[in-house]
Amino acid sequence: MNPSTDILKLTWKEIEALPKDRTILFLIFAPVEEHSHHMPLGVDLILGETWKNKAIEMISARNPDYNLLTMPPIPFAQGSIKGFPGNLHVSQRTIYRVSCEIIDKIAEWGIKNIVIIASHGEPKHLIAIEEACDKINKKHGICAISPMGAFFSYDELGIDLNFPEQVKEQLKKYPNDFHAGWIETSAILDIDENLVKKDYKNLPDTKVEEKEMIFPDKVNKKIAGLGHIGFPRLATKELGKLINNNSAEYICKVTLAFALRLDFKKYQHHSLYKIPFLRTNFIRNVLRVVGLIIVLISIYLWIKIR
Ligand SMILES: [Zn+2]
């Protein structure tokens with residue numbers, strides 16, 4: 001039996017009748033995007049879907065009295081990898097506005113637990129959705145969380161993801177595996193080996209430091225003609241199984257913490273959330289301040305000259 005229900009199969013009367021505080025709705029928000037020579041454009045969406053489904057199984061086994069709802073994913077994102085066909089990237093502002101409007105609507109249905117699975121590591125994408133959750137939580141009371149930013153920056157936030165030893169070792173030896181490297185390739189191998197082209201073991205490593213990741217031009221130069229950041233050749237199905245289980249375990253844990261409103265705040269934001277220039281309104285706010293200063297100087301000069 002499928003422990004979750006697709007909202008596409010419900011009537012509005014059935015949505016209305018749901019016990020709202022015992023209902024959790026999952027929404028995947030990740031892009032169609034290139035994943036190097038060896039993997040298809042749907043990797044982020046396939047991972048989000050897999051992790052969500054596994055998490056749903058775990059939640060229903062542990063807390064069977066929740067109604068677990070799913071809905072179709074939103075298949076685009078903010079992204080900075082350029083120069084490849086197949087990317088469905090939009091601006092950070094678009095992500096913010098789409099998130100605000102969609103979460104607002106779902107909150108108006110009365111749903112009190114909206115969990116957004118943004119299975120796409122781009123900080124500006126994650127931060128825009130987190131900003132939207134903050135805004136809607138202020139408007140309707142706490143009802144939405146997007147926990148993947150905290151997942152992707154667990155180390156900086158001091159969150160223990162309880163990685164199995166094998167994954168821990170590999171992360172230590174081959175860190176900065178940001179995109180279509182051993183992490184994502186392993187995870188897809190575990191889901192369906194046929195989705196990975198057999199020659200992934202021949203792809204060269206591309207090395208990008210973590211601090212370089214906020215300078216897209218630098219990254220794009222390093223990965224030109226390839227499309228991955230990291231070490232796809234080191235992927236294994238075995239690692240993938242561990243990674244997929246671990247990701248689902250995290251989503252299950254955070255979702256239950258959020259539904260019970262217990263100790264969930266540390267999962268609300270990416271570690272880079274506090275960096276002003278990664279926020280959606282940064283340029284607008286700078287322009288506002290500059291505009292205000294110009295107006296004040298003009299008024300001052302006008303009074304003096306008069
Ligand atoms: Zn990806």
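Two residues are taken to be in contact if their C-beta atoms, placed from the backbone, lie within 7 Å. With contact understood in this way, the predicted model can be described beginning with helix H2, which covers residues 43-62. This helix has 20 residues and reaches 28 Å from its first C-alpha to its last, close to the 28 Å expected at 1.5 Å a residue. Its buried residues are Val43, Asp44, Leu45, Ile46, Leu47, Gly48, Trp51, Lys52, Ala55, Ile56 and Ile59, and what covers them includes the strands E1 (4-6), E2 (23-28), E3 (67-70) and E6 (114-117), together with helix H8 (182-191) and helix H10.

Helix H10, at residues 237-259, also gives the most to the largest nonpolar core, to which ten of its residues belong. That core has 69 residues, and those with the most contacts inside it are Ile103, Ile114, Ile116, Ile117 and Ile129. When neighbours within four places in sequence are left aside, Ile103 is in contact with Ile114, Ala132, Cys133, Ile136 and Ala144.

Ile103 also takes part in the contact between helices H3 and H4. Helix H3 (residues 92-108) and helix H4 (residues 123-140) pack at an angle of about 35°, with their axes 8 Å apart, and their crossing is right-handed. On the side of H3 the contact is made by Gln92, Ile95, Tyr96, Ser99, Cys100, Ile103, Asp104 and Ala107, whereas H4 contributes Lys124, His125, Ala128, Ile129, Glu131, Ala132, Cys133, Lys135, Ile136 and His140. By class, this contact has ten nonpolar, four polar and four charged residues.

Definitions and conventions
Residues are numbered from 1 along each chain as its sequence is written. This is a predicted model: local features need pLDDT of at least 70, side-chain atom pairs count only at pLDDT 80 or more; totals for chains, interfaces and linings use all residues. A nonpolar core is a set of buried Ala, Val, Leu, Ile, Met, Phe, Trp, Tyr and Cys residues joined through C-beta atoms within 7 Å. A residue is buried if 20 or more other C-beta atoms lie within 10 Å of its own, exposed if 12 or fewer, and partly exposed in between; C-beta atoms are placed from the backbone. Helices (H or I, at least four residues) and strands (E, at least two) are DSSP runs, numbered from the N terminus. Axes are lines fitted to C-alpha atoms, for helices over the stretch in contact, and angles run from 0 to 180 degrees between N-to-C directions. A crossing is left-handed if the near helix is turned anticlockwise from the far one by less than a right angle, and right-handed if clockwise. Ala, Val, Leu, Ile, Met, Phe, Trp, Tyr, Cys and Pro count as nonpolar, Asp, Glu, Lys and Arg as charged, and the others, Gly among them, as polar. The expected span of a helix is 1.5 Å times one less than its number of residues.
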